[in-house]
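User: I am new to this structure. Can you walk me through how to read it?
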Amino acid sequence: MNRIINGRVVLVHKRMYRVATSYGEILCTVSGKFRYQVLSLAAYPAVGDYVELELQAQENKGVIHQVLPRKSVFSRHHAGMKTDEQVIATNIDMLWIVTSMNEDFNMARLQRYVIGAKQSGAIPFIVLTKADECHDIAPFIQSLRTFHTMDYEIVSAINGQGLQRLHKFLQEGITVAVVGSSGVGKSTLVNALLQQEKMRTSEIRAKDAMGRHTTTHRELIAVGQGCIIDTPGMRELQLWANEEEITTNFEEVERLSASCQFRDCTHQATIKGCAVQQAIKDGELAETQLKSYFKMQREAQLQMKRRQEQERINDRKRNKRKRL
Ligand SMILES: Nc1nc2c(ncn2[C@@H]2O[C@H](COP(=O)(O)OP(=O)(O)OP(=O)(O)O)[C@@H](O)[C@H]2O)c(=O)[nH]1
Ligand SMILES: [Zn+2]
């Protein structure tokens, strides 16, 4: 009987998984039984997952038997396809939504990431990059007012601005996923954080199955006391079909809620001091816009519930098979 151990997935490459364990990094596949029992692509191991694996007699090889329940999931969906969920990172505490302060800055895209982040169960945080090249940061900060409840940091990987403050988030047991469009500076930022620790990044950056360094695949790396998951730039982060409309309404309601009397205001008609309801009375906001906002929130909750239900079904199936 081979030894069964726990580990955490640090890199996924095709159907190979690199897993960090107390025995070092083990290159794994999933067991035949896992493949047979798995109900959706989203249930396969993803970066950040804690897994149970069986060490093979052959050195540094293993077989994954089980993915342990996920505490948070950042995923991307394809419009019109219910089951097509692509898991980007799991078990994350904080999501750094990275965007550069230049012509690539795109509010609609940023909002999509914020909505996705809120859905994931991790705390969203905005990182504005390339401060060294930006002559006027004011308009970018101004745009962020939309997300009144969210914190942000202005950084530069070139002159080191803001890096120390980001580094402080990397406490023991904390996992941060870095997301954002291609070219905004995610990998450069992660490298800069590592360099601040005076570590040789070449040794830390994960290698693929052939031993080559790779930047095209997601990876989890130890930084400070915590972990960072660097994700590849996503060309699009599709959440819902009528996104345009949803994000506009989202922006409106979020902006107005900054003036609500209570920070956790639910914007119902019966609530005192609600700026959103006031705006409806004043004719500044259409009731349908608020309805659309509520609908989006319900959908997000539903998605969360579906995921939890799926976990339960998977668990039950696994237990049943164990008894057979
Ligand atoms: N001036 C300046 N350039 C930066 C900074 N950070 C990154 N860059 C440049 O921006 C380009 C893209 O940086 P990457 O780190 O590869 O971007 P990424 O977000 O990881 O991109 P993907 O891997 O495609 O998702 C590179 O040419 C970097 O040198 C910064 O703080 N200041
Ligand atoms: Zn309100």
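Analyst: Start with the domains. This is a predicted model. The chain is divided into domain 1 (4-69), domain 2 (73-230) and domain 3 (243-299).

User: How many residues does each side bring to the contact between domain 2 and domain 3?

Analyst: Domain 2 gives seven residues and domain 3 gives eight residues. On the domain 2 side, three are nonpolar, three are polar and one is charged.

User: What helices and strands does the chain have?

Analyst: There are nine helices and 13 strands. Now look at contacts along the sequence. Taking those between residues at least 6 apart, 67% join residues at least 24 apart.

User: How do I read burial, and which residues have the most contacts inside the largest nonpolar core?

Analyst: In soluble globular proteins, nonpolar side chains tend to be buried together. Here, 34% of the 324 residues count as buried. The largest nonpolar core has 66 residues. Phe74, Leu95, Ile97, Ala177, Val178, Ile229 and Val276 have the most contacts inside that core.

User: Which residues does Leu95 contact, beyond four places in sequence?

Analyst: Its partners include Phe74, Ala117, Ser120, Phe125, Ala177 and Val179. Ala117 and Ser120 are also buried residues of helix α2.

User: Is α2 mostly covered or mostly open, and what is its length?

Analyst: α2 is mostly covered, with 10 of its 14 residues buried. Among them are Leu110, Tyr113, Val114 and Ile115. Helix α2 covers residues 107-120 and reaches 20 Å from first C-alpha to last, close to the 20 Å expected.

User: What phi does Gly121 take just after α2?

Analyst: Gly121 has a positive phi of about 100°.

Definitions and conventions: Residues numbered from 1 in each chain as written. Chains lettered and ligands numbered in written order. Predicted model: local features only at pLDDT ≥ 70, side-chain atom pairs only at ≥ 80, totals over all residues. Core = buried A, V, L, I, M, F, W, Y, C linked by C-beta atoms within 7 Å. Buried ≥ 20, exposed ≤ 12 C-beta atoms within 10 Å, placed from the backbone. Contact = placed C-beta atoms within 7 Å. Helix = DSSP H or I, 4+ residues; strand = E, 2+ residues; numbered from the N terminus. Expected span 1.5 Å × (residues − 1). Domains from an automatic or database assignment. Nonpolar A, V, L, I, M, F, W, Y, C, P; charged D, E, K, R; others polar.
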